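Q: I have a model open and want to learn how to read its features. Where do we begin?

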Amino acid sequence: MTLAEVLTNRHRWEELSKDFKLKNNHGTIDNLQWFVTHGHGSNRFREGFEEAKSIAKSIINNHKSGTII
């Protein structure tokens with residue numbers, strides 16, 4: 001995943017989650033991890049939740065594996 005793709009996905013996640021109940025809406029790795037772990041409690045029935053979760057997991061996985069170029 002390129003840095004441009006990460007930034008595009010992060011922006012998409014922030015747009016999808018702007019009305020979600022979150023600790024923080026910024027697309028940092030810590031906030032994405034919190035969302036994946038705890039975000040389903042208040043947000044699983046909200047429109048865009050599954051897509052937001054998928055995007056968050058993708059960014060986290062690429063970050064952990066070091067495949068962001």
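A: With one helix, in what is a predicted model. Buried here means under 20% relative accessible area. By that cut-off, the buried residues of α2 are Asn-31, Leu-32 and Phe-35. They cover an arc of only 100 degrees around the axis, so they sit on the same side of α2.

Q: Why do residues three or four places apart point the same way in an α-helix?

A: An α-helix has 3.6 residues a turn, so such residues share a direction.

Q: What covers the buried residues of α2?

A: The cover includes α1, α3 and α4.

Q: Is Asn-31 buried or exposed?

A: Asn-31 is buried, because its relative accessible area is 8%. This residue is in helix α2. Leaving aside neighbours within four places in sequence, Asn-31 is in contact with Lys-23, Asn-24 and His-26.

Q: And Asp-30, buried or exposed?

A: Asp-30 is also found in helix α2. With a relative accessible area of 54%, Asp-30 is exposed. Check distances too. Asp-30 and Ile-60 are 30 residues apart along the chain, and 9.2 Å separates their C-alpha atoms.

Q: How do I read the buried side of α1? Which residues are buried there?

A: List the buried residues, then look at their directions. In α1 they are Val-6, Trp-13, Glu-14 and Leu-16. Their arc around the axis is only 160 degrees, which puts them on the same side of α1. On the other side of α1, Ala-4 and Thr-8 are exposed. The buried residues of α1 pack against α2 and α4.

Q: What span should α1 have, given its residue count?

A: The rule is a rise of 1.5 Å a residue. The 14 residues of α1 should therefore span 20 Å, and the end C-alpha atoms are 20 Å apart, which agrees.

Q: What does the same test give for α4?

A: Helix α4 runs over residues 49-65, which is 17 residues. The expected span is 24 Å, and the end C-alpha atoms are 24 Å apart, so the two agree. Just after α4, Gly-66 takes a positive phi of about 75 degrees.

Q: Which residues of α4 are buried, and what do they pack against?

A: The buried set of α4 is Phe-49, Ala-52, Ile-55, Ala-56, Ile-59, Ile-60 and Asn-62. These residues pack against α1 (3-16), α2 (29-38) and α3 (40-43).

Q: Next, the core. Which residues make up the largest nonpolar core?

A: The general idea comes first. In soluble globular proteins, nonpolar side chains tend to be buried together. Here the largest nonpolar core has 12 residues in all: Val-6, Trp-13, Leu-16, Phe-20, Leu-32, Phe-35, Phe-49, Ala-52, Ile-55, Ala-56, Ile-59 and Ile-60. At least two residues of this core come from each of α1, α2 and α4. Helix α4 gives the most, with 6 residues.

Q: Where does Phe-20 lie?

A: Phe-20 lies in the loop between α1 and α2. At 9% relative accessibility, Phe-20 counts as buried. Not counting residues up to four places away in sequence, Phe-20 touches Phe-35, Asn-43, Arg-46, Glu-47, Gly-48, Phe-49 and Ala-52. The C-alpha atoms of Phe-20 and Thr-37 are separated by 14 Å, with their positions 17 residues apart along the chain.

Q: What about Met-1? Where is its place?

A: Met-1 is in the segment before α1. Its 24% relative accessibility makes Met-1 partly exposed. From Met-1 to Lys-23 is 22 residues in sequence and 27 Å in space, C-alpha to C-alpha.

Q: Now the whole chain. How many helices and strands does the chain have?

A: The count is 4 helices and 0 strands. Read along the sequence, the pattern is α-α-α-α.

Q: What radius of gyration would a compact globule of 69 residues have?

A: The expected value is near 11 Å, and the chain has 11 Å, which agrees. Look at the extents as well. The C-alpha trace spans about 35 × 20 × 20 Å along its principal axes.

Q: What share of the residues is buried, and what is the accessible surface?

A: Buried residues make up 28% of the 69 residues. The accessible surface comes to about 4500 Å², and 50% of that belongs to carbon and sulfur atoms.

Q: What part of the contacts comes from residues 24 or more positions apart?

A: Take the contacts with a separation of 6 or more. Residues 24 or more positions apart account for 51% of them.

Conventions: Residues are numbered from 1 along each chain as its sequence is written. This is a predicted model: local features need pLDDT of at least 70, side-chain atom pairs count only at pLDDT 80 or more; totals for chains, interfaces and linings use all residues. Side-chain values use heavy atoms; hydrogens and water are left out. The expected span of a helix is 1.5 Å times one less than its number of residues. Buried means under 20% relative accessible area, exposed over 50%, partly exposed in between (1.4 Å probe, protein chains only). Contact means heavy atoms within 4.5 Å. The arc is that of the directions from the helix axis to the C-beta atoms. A nonpolar core is a set of buried Ala, Val, Leu, Ile, Met, Phe, Trp, Tyr and Cys residues joined through side-chain atoms within 4.5 Å. The radius of gyration is taken over C-alpha atoms; the globule rule is 2.2 Å times the number of residues to the power 0.38. Accessible areas come from the Shrake-Rupley method with a 1.4 Å probe; for residues, only the protein chains shown count as cover.
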